[in-house]
Amino acid sequence: MPIYNIGFKEKVLSDPSELLKYKAEMEILMRMMFSKSSEFYNDSYESGLITPWFSAWSNAGRDASYSVISGSAPNPEEIFEAVKAEIRKRRESFFDLDSFERAKRCIYAETLTDFNSTSSVANAMVGFALDGNDFFDFADAVSAVSVDDLKKRLDESFEPERAVLSVVVPFSAE
């Protein structure tokens with residue numbers, strides 16, 4: 001079965017406070033749109049479009065920012081089109097307030113859970129420090145995100161002309 005990555009090149013931010021806000025917004029947005037509890041995931045999984053190996057994440061730094069959706073599936077091109085359709089759908093009809101608050105609480109809780117592992121804290125501290133930020137400020141950044149912030153982030157991210165689909169097809173010896 002082919003494996004795929006769908007990548008979206010995002011805007012690079014050099015200001016540390018903007019970058020921290022961007023990271024918080026993208027964490028919440030990716031969870032709402034593509035996590036295992038999302039409408040997209042459940043509908044796509046039930047229809048057989050995606051497999052349990054479907055995942056989505058975002059990474060942002062001073063030199064590069066991108067969002068990735070990946071997995072394995074028989075028809076990656078169909079998933080690519082479904083992802084773009086979901087983005088268009090959410091731009092036209094954003095999530096309800098309960099979904100937003102639930103996603104925000106999940107990210108906030110995951111951030112606090114990271115404190116249970118010294119290696120997680122150390123890795124996060126280094127990553128945030130390289131961007132000019134403090135990992136200990138991330139939970140506050142998540143809490144400060146508003147629905148309007150997220151709508152604006154969605155409008156500014158996931159541009160189709162900055163998207164690419166990369167597929168690795170299994171080798172077949174014939």
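# Exercises on a predicted model

S67 sits in strand β3, which covers residues 65–72. Keep in mind that the structure you are looking at is a predicted model.

**Exercise 1. Decide whether S67 is buried or exposed, and find the side chain with which it makes a polar contact.**

Solution.
- Step 1: Start with the accessibility. Buried means under 20% relative accessible area. S67 has 0% relative accessibility, so S67 counts as buried.
- Step 2: Look for a polar partner. The side chain of S67 makes a polar contact with the side chain of E10, at 3.3 Å.
- Step 3: Look at the surroundings. Leaving aside neighbours within four places in sequence, S67 is in contact with several residues, among them I6, F8, M26, W57 and F158.

**Exercise 2. Find which helix gives the largest share of the largest nonpolar core.**

Solution.
- Step 1: Get to know the core. The largest nonpolar core has 42 residues, and I28, F34, V83 and F158 touch the most other members.
- Step 2: List the suppliers. Elements that each supply at least two residues of this core include β1 (3–9), α1 (16–34) and α3 (76–92).
- Step 3: Pick the winner. The largest share of this core, eleven residues, comes from α1.
- Step 4: Zoom in on I28. Apart from neighbours within four places in sequence, I28 is in contact with F100, A103, K104, I107, V142, V145 and L150.

**Exercise 3. Place F94 and work out whether F94 is buried or exposed.**

Solution.
- Step 1: F94 is found in the loop between α3 and α4.
- Step 2: The relative accessible area of F94 is 15%, so F94 is buried.
- Step 3: Compare sequence with space. F94 and L154 are 60 residues apart in sequence, with their C-alpha atoms 9.3 Å apart.
- Step 4: Check for contact. L154 is one of the residues in contact with F94, and L29 and M32 are also among them.

**Exercise 4. Explain why the pair E159 and R91 ties together parts that are far along the chain from each other, 68 residues apart in sequence.**

Solution.
- Step 1: Recall the principle. Side chains of opposite charge can pair when their charged atoms come close.
- Step 2: E159 forms a salt bridge with R91, and the closest N and O atoms are 3.6 Å apart.
- Step 3: E159 lies in the loop between α7 and β4 (163–168) and R91 lies in helix α3, so this pair ties together parts 68 residues apart in sequence.
- Step 4: Contrast this with K21 and E25, which also form a salt bridge. K21 and E25 both lie in helix α1, four residues apart, about one turn of the helix.

Note on methods. Residues are numbered from 1 along each chain as its sequence is written. This is a predicted model: local features need pLDDT of at least 70, side-chain atom pairs count only at pLDDT 80 or more; totals for chains, interfaces and linings use all residues. Side-chain values use heavy atoms; hydrogens and water are left out. A nonpolar core is a set of buried Ala, Val, Leu, Ile, Met, Phe, Trp, Tyr and Cys residues joined through side-chain atoms within 4.5 Å. Buried means under 20% relative accessible area, exposed over 50%, partly exposed in between (1.4 Å probe, protein chains only). Contact means heavy atoms within 4.5 Å. A polar contact is a pair of N or O atoms within 3.5 Å; within protein, one must be able to donate a hydrogen and the other to accept it, and residues adjacent in sequence count only if both atoms are side-chain atoms. A salt bridge is a side-chain nitrogen of Lys or Arg within 4 Å of a carboxyl oxygen of Asp or Glu.
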